[in-house]
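Here is a short tour of a protein model and the ligand it holds. Please keep the sequence and the 3D view open as you read.

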Amino acid sequence: MAAASIKDVARLAGVSVGTVSNVLNRPDRVSAATVDRVRAAIDELGFVRNDAARQLRVGRSSTVGLIVLDVRNPFFTDLARGAEDRAAAAGLSVLLGNSDDDPAREAAYLDLFEEQRVHGVLISPIGDVTERLERLRERGTPAVLVDRSGDGSGFSAVSVDDVAGGFLAVKHLIEQGRTRIAFLGGPLEIRQVADRLEGARRAVAESPGISLEVITAAGLTVIDGRRAGDEIAARPASSRPDAIFTVNDLIAVGVLQALVMSGRLRVPDDIALVGYDDIDFASATIVPLTSVRQPSHLIGATALELLLDATAEPPTEPRDVVFQPELVVRASSRPGAP
Ligand code: RIB
């Protein structure tokens with residue numbers, strides 16, 4: 001039978017992993033009743049703290065491993081910069097890994113960072129990596145979820161409310177008088193894509209007479225946007241959307257290239273366009289892009305801050321930080337807007 005883990009103790013005692021950690025490291029911070037409950041669970045399960053891993057962590061390197069989905073996306077480079085700036089202030093540095101939406105690459109970076117005995121790992125996961133991160137933590141390497149909500153995983157997390165972001169984007173298009181809206185996103189297995197679509201659906205559900213067409217691109221790049229834009233531009237006018245909400249700004253840039261640079265259609269007159277992330281280039285595109293802004297630099301800095309909390313002695317309880325998105329209106333959805 002596998003040795004009981006800190007998670008098993010937390011489950012049996014009905015408390016969080018962070019509370020068990022506080023009982024072990026700083027019982028003065030926990031009520032007597034909770035201390036008794038946790039200690040009873042420890043005794044019942046025969047849990048033994050992995051002090052070797054904790055001691056190893058104390059002597060860990062001063063680097064932090066950061067794994068992002070696509071380093072070519074300015075959202076992630078801004079996020080990495082935020083983590084790096086906060087790390088530097090704490091005397092740490094950041095090693096960047098790019099999973100490229102490939103689970104095998106993601107797993108290889110997790111193994112590499114564990115072998116390197118990094119101070120901790122920040123990860124924008126492709127799917128559910130909770131089990132892998134639990135093994136990492138039990139062996140002394142804490143982790144923080146980035147651009148993903150914690151969802152009761154027991155790990156600190158920082159994200160933006162993407163359902164609210166999708167709602168903001170489509171509500172704005174409806175308020176501009178658009179009635180045939182297309183959602184252009186990547187694989188719905190990507191949680192950010194699915195949440196933004198959910199928000200779009202909620203906005204449409206509130207407004208009778210509005211249609212929502214879901215177009216799933218192969219990926220989330222400019223090329224994917226250009227391919228989808230070419231397909232839309234080739235349609236008869238009667239079957240084209242009069243507005244497109246793209247799941248990120250890179251796809252929106254590709255759509256703009258296909259529609260406007262080819263001289264085939266006008267934005268926003270023929271088709272209004274809203275992107276997501278508000279990357280630096282959004283305001284400088286051929287038609288300045290309306291976008292749902294994510295505080296990417298702040299997300300990165302906050303993720304690092306949460307990791308410092310997790311590597312403190314004693315570690316603090318996991319926190320789920322959720323920022324609210326902001327709609328930045330420009331000419332691609334509202335004529336005359338800056
Ligand atoms: O990686 C896909 C998208 O999710 C990025 O463009 C950014 O919006 C992230 O939240």
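## Polar contacts to the ligand

In this predicted model, a side-chain N or O atom of R196 lies 2.7 Å from an oxygen atom of the ligand. D147 also takes part: an N or O atom in the D147 side chain is 2.7 Å from a ligand oxygen. To these you can add D277, which places a polar side-chain atom 2.5 Å from an oxygen atom of the ligand. How much of the ligand's accessible area does the protein cover? On its own the ligand has 280 Å² of accessible area, and the protein covers 98% of that.

## The shell around the ligand

If you would like to select the surroundings in your viewer, pick L69, N73, F75, F76, D147, Q192, R196, L220, N248, D277 and Q294. By type, this shell divides into 4 nonpolar, 4 polar and 3 charged residues. Two helices are worth colouring here: helix 5 (74-89) and helix 9 (191-205) each supply at least two of the shell residues.

## Where the ligand sits

Which pocket holds the ligand? The ligand sits in the second largest pocket. And why does the ligand lie between domain 2 and domain 3? Domain 2 (61-159 + 296-323) gives residues to the shell and so does domain 3 (162-295), which means that the ligand lies between them.

## Two backbone details

Away from the topic of the ligand, two loops deserve a look. In the loop that runs between helix 11 (249-261) and strand 9 (272-277) you will find P268. The peptide bond joining V267 and P268 is cis, with omega at about 5°.

The other loop lies between strand 2 (93-98) and helix 6 (103-115), and D101 is part of it. What is the sign of phi at D101, positive or negative? Phi of D101 is positive, near 60°, and this is a residue other than glycine.

How values were computed:
Residues are numbered from 1 along each chain as its sequence is written. This is a predicted model: local features need pLDDT of at least 70, side-chain atom pairs count only at pLDDT 80 or more; totals for chains, interfaces and linings use all residues. Side-chain values use heavy atoms; hydrogens and water are left out. A residue is near a molecule or strand if one of its heavy atoms lies within 4 Å of it. A polar contact is a pair of N or O atoms within 3.5 Å; within protein, one must be able to donate a hydrogen and the other to accept it, and residues adjacent in sequence count only if both atoms are side-chain atoms. Accessible areas come from the Shrake-Rupley method with a 1.4 Å probe; for residues, only the protein chains shown count as cover. On a 1 Å grid over the protein atoms alone, a cavity is a set of points where a 1.4 Å probe fits but cannot get out, and a pocket is an open set with protein on both sides within 12 Å along at least five of seven lines; lining residues have an atom within 4 Å of a point. A molecule sits in a cavity or pocket if more than half of its atoms lie within 2 Å of its grid points. Helices (H or I, at least four residues) and strands (E, at least two) are DSSP runs, numbered from the N terminus. Ala, Val, Leu, Ile, Met, Phe, Trp, Tyr, Cys and Pro count as nonpolar, Asp, Glu, Lys and Arg as charged, and the others, Gly among them, as polar. Domain bounds come from an automatic or database domain assignment.
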